[in-house]
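Visitor: I am new to this structure and would like a close look at a single part of it. Please take me through how one helix sits against its neighbours, and what lies around it.

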Amino acid sequence: MDGDPAVVLAETGRLVDEADRLGQQAEALAQRPALLPTWSPTARAVAVYAGCAAVGALVMLVLVVANGIGVVDGFTLGALTCAGLPLISFVAGWLILGRWGRPALASTDPPRYAPLGFVVCVLLVPLAYCVTLLLFRVVR
């Protein structure tokens with residue numbers, strides 16, 4: 001190299017500092033979960049469980065239509081609306097929080113707020129069914 005050793009040494013020090021800064025940034029990002037990284041764990045859990053309950057409610061709407069045309073009987077619709085879909089929604093939310101709610105460098109499992117998620121899913125899916133029934137009664 002033809003450069004002045006002091007300049008080369010200063011440039012090397014600057015590059016080492018830059019690499020250290022970027023390494024610290026990468027470590028800070030790895031401490032955050034992939035799913036809704038800026039949200040608090042409680043807000044993330046509520047959003048995930050509510051989203052899963054919304055998907056369960058959409059499946060329930062499909063089942064209501066299928067019941068209306070005779071593809072699904074009333075017992076199956078009732079069982080899925082009151083127990084099956086809320087439970088499936090809860091398990092899906094719990095699995096999603098365990099997979100994408102965990103930071104890459106986490107040494108422990110993230111909080112999944114199981115009681116909160118169970119209440120959200122068990123309340124929202126049947127509540128959507130009741131609202132659907134009311135809407136169908138009003139529209140008729």
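Guide: The part to look at is the packing around helix H4, in what is a predicted model. Start with H2 and H4, whose axes come within 8 Å and cross at roughly 35°. The crossing in which H2 passes H4 is right-handed. On the H2 side, the contact is made by Thr42, Val46, Tyr49, Ala50, Ala53, Gly56, Ala57, Met60, Leu61 and Val64. H4 answers with Ala114, Leu116, Gly117, Val120, Cys121, Leu124, Val125, Ala128, Tyr129, Thr132 and Phe136. Sorted by class, this contact of H2 with H4 has 17 nonpolar residues and four polar ones, and no charged residues.

H4 also packs against H3. Here the angle is about 145°, and the axes of H3 and H4 are 8 Å apart. The crossing of H3 and H4 is right-handed. From H3, the contact takes in Leu77, Thr81, Leu85, Pro86, Ser89 and Phe90. From H4 come Ala114, Gly117, Phe118, Cys121, Val122, Val125, Pro126 and Tyr129. By class, the residues where H3 meets H4 are 11 nonpolar and three polar, with no charged residue.

H2 and H3 are linked by a ring pair as well. The count of aromatic pairs comes to two. One of them is formed by tyrosine 49 and phenylalanine 90, which are stacked, at 5.8 Å centre to centre and with 15° between the planes. Tyrosine 49 lies in helix H2 and phenylalanine 90 in helix H3 (residues 74-100), so this pair ties together parts that are 41 residues apart in sequence. Both rings have already come up: Tyr49 is in the contact of H2 with H4, and Phe90 is in the contact of H3 with H4.

Next comes the space around these helices. The largest pocket holds about 210 Å³ of space. Its lining is made up of Val64, Asn67, Gly68, Leu77, Tyr129, Leu133, Phe136, Arg137 and Arg140. Helix H2 (41-68) and helix H4 (114-139) are the elements that give two or more residues to this lining. H4 gives the most, with four residues. By class, the pocket lining has five nonpolar, two polar and two charged residues. Some names return here: Val64, Tyr129 and Phe136 line the pocket and also belong to the contact of H2 with H4.

There is an enclosed space too. The structure holds one cavity of 30 Å³ or more, and the largest cavity has a volume of about 30 Å³. It is lined by Pro41, Arg44, Leu97, Gly101, Pro110 and Pro111. The classes in that lining are four nonpolar, one polar and one charged.

Terms used: Residues numbered from 1 in each chain as written. Predicted model: local features only at pLDDT ≥ 70, side-chain atom pairs only at ≥ 80, totals over all residues. Heavy atoms only, no water. 1 Å grid on protein atoms, 1.4 Å probe; cavity = no way out; pocket = protein on both sides within 12 Å on 5 of 7 lines; lining within 4 Å. Points joined across faces, edges and corners; volume = space filled by probe spheres on them. Nonpolar A, V, L, I, M, F, W, Y, C, P; charged D, E, K, R; others polar. Axes fitted to C-alpha atoms, helices over the stretch in contact; angles between N-to-C directions. Left-handed = near helix turned anticlockwise from the far one by under 90°. Contact = heavy atoms within 4.5 Å. Phe/Tyr/Trp six-rings, centres within 6.5 Å; stacked < 30°, edge-to-face > 60°.
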